[in-house]
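Me: I'm new to protein structures and would like to learn how to read one. Could you walk me through it, one feature at a time?

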Amino acid sequence: MLEGLPPHRPTHVLRLDTNERAARAMTDLIGEVFDPTETAVAAFEAEDGKTWHLEAYFSEEPDEEAVRELIRPILGDAADEATFAAIDQQDWVRASLEGLKPVRAGRILVHGSHDRGRVQPNDLPIEIEAALAFGTGHHGTTLGCLLALVDEVKRRRPHRVLDVGTGTGILGLAAARLLHTRVIAGDLDPEAVATARTNAAFNGLANLMAFYEAPGLRHPLARVARGYDLVFANILARPLRGLAPSLARAVATDGTLVLSGLIPRDVPGVLSAYAAQGFRLRRRRLIEGWVTLELRRGGAAPRPC
């Protein structure tokens with residue numbers, strides 16, 4: 001389970017082995033206390049079926065003593081066993097690459113250079129290496145959006161696509177590769193935009209992609225009223241709620257809006273924000289603890305299941 005998206009440039013990590021109850025409690029606590037755009041916490045069950053490994057990533061050096069005191073009510077004296085370490089950026093990229101396995105959504109295959117041999121003749125490959133911007137296609141949110149893209153193309157062929165919070169650019173690249181149409185992609189992080197632009201060129205899609213650096217849709221390329229048949233926003237619940245009016249303006253009258261970066265408890269609030277803009281839920285996916293929502297115009301969103 002994971003709370004928050006991994007920061008673009010993590011600098012420090014907390015590691016601790018504990019039990020499931022404590023791991024889940026700390027995941028919730030750290031996710032609530034720290035800014036989810038600057039901190040991510042993950043907990044995984046060990047092979048022995050009893051131990052849980054917890055890791056919390058920080059974009060800046062944390063106050064170790066303050067963090068220990070934060071988790072002490074859950075762990076007691078075991079809070080002193082938590083270890084803190086600086087992350088070497090090259091090691092972070094290398095570790096990410098080691099875990100990069102091919103991911104398929106229909107004919108779309110996302111892979112690293114070490115898996116080029118797995119590409120089949122009918123595949124639509126996207127080659128992405130680990131980078132210091134989020135979005136390799138292996139996170140449940142990105143995969144959910146890729147599957148939503150495949151579903152959308154089965155129903156109709158979007159001609160105008162917008163990817164808000166593009167990260168490494170993978171959703172925009174997949175749309176451009178699959179649809180052979182121009183895609184607009186933006187991110188507030190200049191490093192993410194630079195990485196996405198590099199990935200577009202490497203995959204031979206630069207002529208179909210246009211990038212912008214700005215928060216949300218605060219750029220002329222994105223602010224096109226009812227201008228997009230398909231809009232992706234793979235961010236987090238709080239900014240997604242705030243972006244509801246501007247995203248709604250961008251989606252064409254018969255367009256589709258795909259939202260992700262959500263955990264299940266986020267869904268009611270996000271659906272409510274977009275129901276107020278005239279959107280209803282068409283499909284909800286849950287992958288690796290993360291929810292992806294496909295929305296269309298027309299009435300209030302139904303009660304989430």
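Reply: Happy to! Let's begin with one pair of residues: Val161 has Val183 in S10 as its bridge partner. Please keep in mind that this is a predicted model.

Me: How many bridges join strand S9 to strand S10, and in which sense do they run?
Reply: Here is the general idea. Strands of a sheet pair through backbone hydrogen bonds, either parallel or antiparallel. In this case, S9 (residues 161-164) and S10 (residues 183-187) are joined by 4 bridges and run parallel.

Me: In what order do the strands of that open sheet lie?
Reply: Its 7 strands follow the order S11-S10-S9-S12-S13-S15-S14, and the pairing is mixed. At the edges you find S11 (209-213) and S14 (279-287); each has a single partner strand, so one side of each is left without a neighbour in the sheet. On average, neighbouring strands here are turned by 15° against each other, direction ignored.

Me: Where do I look to see the mixed pairing?
Reply: Try S13. With S12 it pairs in the parallel sense over 6 bridges, whereas S13 and S15 run antiparallel and are joined by 5 bridges. Thr256 is a handy residue to follow: Thr256 in S13 is the bridge partner of Leu230, and in S15 the partner of Thr256 is Arg296.

Me: Which helices pack on this sheet?
Reply: One of them is H4, which touches S12 (228-234), S13 (251-262), S14 and S15 (290-297), with a direction about 130° from that of S14. Another is H9 (residues 267-275), lying across S13, S14 and S15 and running at about 15° to S15.

Me: How many of the 12 residues of S13 are buried?
Reply: The number is 10, so S13 is largely enclosed by the rest of the structure. Take Gly255, a residue in this strand. Gly255 counts as buried because its relative accessibility is 0%, and buried means under 20%.

Me: What does Gly255 touch, apart from residues up to four places away in sequence?
Reply: Its contacts are Arg156, Tyr228, Asp229, Leu295, Arg296 and Arg297. Tyr228 shows how sequence and space can tell separate stories: Gly255 and Tyr228 are 27 residues apart in sequence, and their C-alpha atoms are 6.8 Å apart.

Me: Which residues touch the most other members of the largest nonpolar core?
Reply: That core has 33 residues, and the ones to look for are Leu162, Leu247, Leu259, Tyr274, Leu293 and Leu295. H9 gives the most to this core, with 5 residues. If you click on Leu259, its contacts beyond four places in sequence include Ala233, Leu240, Val270, Tyr274 and Val291. There is also a second, separate core of 32 residues, with Ile170, Ala176, Ala200 and Leu230 among them.

Me: What about the sheet with the order S6-S7-S8?
Reply: This open sheet has 3 strands, and its pairing is mixed. S6 (103-105) and S8 (124-127) stand at the edges with a single partner strand each, so one side of each has no neighbour in the sheet. Here the average turn between neighbouring strands is 20°, direction ignored. S6 and S7 (residues 108-111) run antiparallel, joined by 3 bridges, and Ala105 stands opposite Ile108 in S7. H4 (residues 140-155) packs on this sheet too, touching S6 and S7, and its direction makes about 30° with that of S6.

Me: How many aromatic pairs are there, and how do I describe one?
Reply: A pair of aromatic rings is described by the distance of the centres and the angle of the planes. The count here is 1. Phe34 and Phe58 lie 5.6 Å centre to centre with 75° between the planes, an edge-to-face pair. Phe34 is in the loop between H1 (20-33) and S3 (39-45), while Phe58 is in S4 (residues 52-58), 24 residues apart.

Me: Are those two rings' residues buried or partly exposed?
Reply: Phe34 is partly exposed, with a relative accessible area of 23%, whereas Phe58 is buried at 3%.

Me: Where should I be careful?
Reply: Where pLDDT is low, the predicted coordinates should not be read in detail. The chain averages a pLDDT of 86, and 86% of the residues score at least 70. However, pLDDT stays under 50 over residues 1-5, and it is below 50 over residues 299-305 as well.

Definitions and conventions:
Residues are numbered from 1 along each chain as its sequence is written. This is a predicted model: local features need pLDDT of at least 70, side-chain atom pairs count only at pLDDT 80 or more; totals for chains, interfaces and linings use all residues. Side-chain values use heavy atoms; hydrogens and water are left out. Two strands pair if DSSP finds at least two bridges between them. Helices (H or I, at least four residues) and strands (E, at least two) are DSSP runs, numbered from the N terminus. Axes are lines fitted to C-alpha atoms, for helices over the stretch in contact, and angles run from 0 to 180 degrees between N-to-C directions. Contact means heavy atoms within 4.5 Å. Buried means under 20% relative accessible area, exposed over 50%, partly exposed in between (1.4 Å probe, protein chains only). Rings of Phe, Tyr and Trp (its six-membered ring) pair if their centres lie within 6.5 Å; planes under 30 degrees apart count as stacked, over 60 as edge-to-face and the rest as tilted. pLDDT is the predictor's confidence in each residue, from 0 to 100. A nonpolar core is a set of buried Ala, Val, Leu, Ile, Met, Phe, Trp, Tyr and Cys residues joined through side-chain atoms within 4.5 Å.
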